[in-house]
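The following questions and answers introduce a structure to a reader who has not met it before. Please keep the sequence and the model in view while reading.

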Amino acid sequence: MQKRLTFILFIIFLLVISIVNAVDISTKSLSDSLCPRETGQFVHTITNNNDVVKDYTVSLTGSASQWATVVTSNFILAPGEQKTVYTYITPSQSAESGTYNLELKASSSDDTKSVSHNLVIKNCYGADLITTSSKKSSCPSDVIQYSTTLTNSGEYTETFQLR
């Protein structure tokens with residue numbers, strides 16, 4: 001009876017240990033708002049809180065992952081050891097403004113942890129064209145002049161061609 005009870009307690013102990021997350025991800029910094037073509041950076045620290053050496057793989061998912069690259073996606077950590085992981089994200093020029101999700105996942109053979117971030121793609125392109133009058137009357141061969149004001153309301157320097 002004593003051996004059976006010890007065996008059952010040992011099994012329960014193993015189950016409890018397997019449920020505990022042994023990997024931790026902490027966020028150091030992130031760029032949460034970007035223009036298309038602008039590069040931002042997320043910095044995370046992966047920590048092995050287990051008591052054995054682990055081989056980790058870092059992957060990215062979510063709607064913003066199409067523009068993201070993680071640097072150092074595979075590494076080995078000793079117990080208590082940490083690794084800084086950099087994620088660079090550059091939304092394409094055609095990216096529409098809005099909120100996108102980026103999930104970073106660190107996993108080993110028996111342990112997984114993920115963090116999720118929202119990334120806002122700003123509307124960084126804009127121009128306003130204002131004219132003083134919308135119509136004028138004239139006779140044939142009269143020269144008509146319209147006054148307009150073009151204002152760049154975006155975040156980039158742009159070259160405009162008016163025709």
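Strands are DSSP runs of E with at least two residues, numbered from the N terminus. The model discussed here is predicted.

Q: What is the mean pLDDT of the protein?
A: pLDDT is the predictor's confidence in each residue, from 0 to 100. In this protein, 89% of the residues reach 70 or more. The mean pLDDT is 85.

Q: Over which residues does pLDDT stay under 50?
A: Where pLDDT is low, the predicted coordinates should not be read in detail. The stretch in question has zero contacts beyond four places in sequence in the model. It comprises residues 15-19.

Q: Which strand gives the largest share of the largest nonpolar core?
A: This core has 24 residues, of which Ile46, Ile89 and Leu104 touch the most other members. Among the elements that give two or more residues to it are strand S1 (23-30), strand S3 (40-48) and strand S7 (82-89). The largest share is four residues, and it comes from S8.

Q: Is His117 buried or exposed?
A: His117 lies in strand S9, which spans residues 112-121. Its relative accessibility is 10%, and the cut-off for burial is under 20%. His117 therefore counts as buried.

Q: Which side chain does a polar contact of 2.7 Å join to that of His117?
A: Leaving aside residues up to four places away in sequence, His117 touches several residues, including Thr27, Phe42, His44 and Tyr100. The polar contact of 2.7 Å joins the side chain of His117 to that of His44.

Q: Why is the pair of Trp67 and Tyr100 edge-to-face?
A: A pair of aromatic rings is described by the distance of the centres and the angle of the planes. The centres of the Trp67 and Tyr100 rings are 4.9 Å apart. Planes over 60 degrees apart count as edge-to-face, and the angle here, which gives the pair its description, is 75°.

Q: How many residues apart are Trp67 and Tyr100?
A: Trp67 is in the loop between S4 and S5, whereas Tyr100 is in strand S8. Trp67 is buried, with a relative accessible area of 13%, and Tyr100 is buried too, at 17%. The pair links distant parts of the chain, 33 residues apart.

Q: Over the ring of which residue does the charged end of Arg37 sit?
A: The residue sought counts as partly exposed, at 21% relative accessibility. The charged end of Arg37 lies 4.8 Å from the centre of its ring. That residue is Tyr156.

Note on methods: Residues are numbered from 1 along each chain as its sequence is written. This is a predicted model: local features need pLDDT of at least 70, side-chain atom pairs count only at pLDDT 80 or more; totals for chains, interfaces and linings use all residues. Side-chain values use heavy atoms; hydrogens and water are left out. Buried means under 20% relative accessible area, exposed over 50%, partly exposed in between (1.4 Å probe, protein chains only). A polar contact is a pair of N or O atoms within 3.5 Å; within protein, one must be able to donate a hydrogen and the other to accept it, and residues adjacent in sequence count only if both atoms are side-chain atoms. Contact means heavy atoms within 4.5 Å. A nonpolar core is a set of buried Ala, Val, Leu, Ile, Met, Phe, Trp, Tyr and Cys residues joined through side-chain atoms within 4.5 Å. Rings of Phe, Tyr and Trp (its six-membered ring) pair if their centres lie within 6.5 Å; planes under 30 degrees apart count as stacked, over 60 as edge-to-face and the rest as tilted. A charge sits over a ring if NZ of Lys or CZ of Arg is within 6 Å of the ring centre and within 35 degrees of the ring normal.
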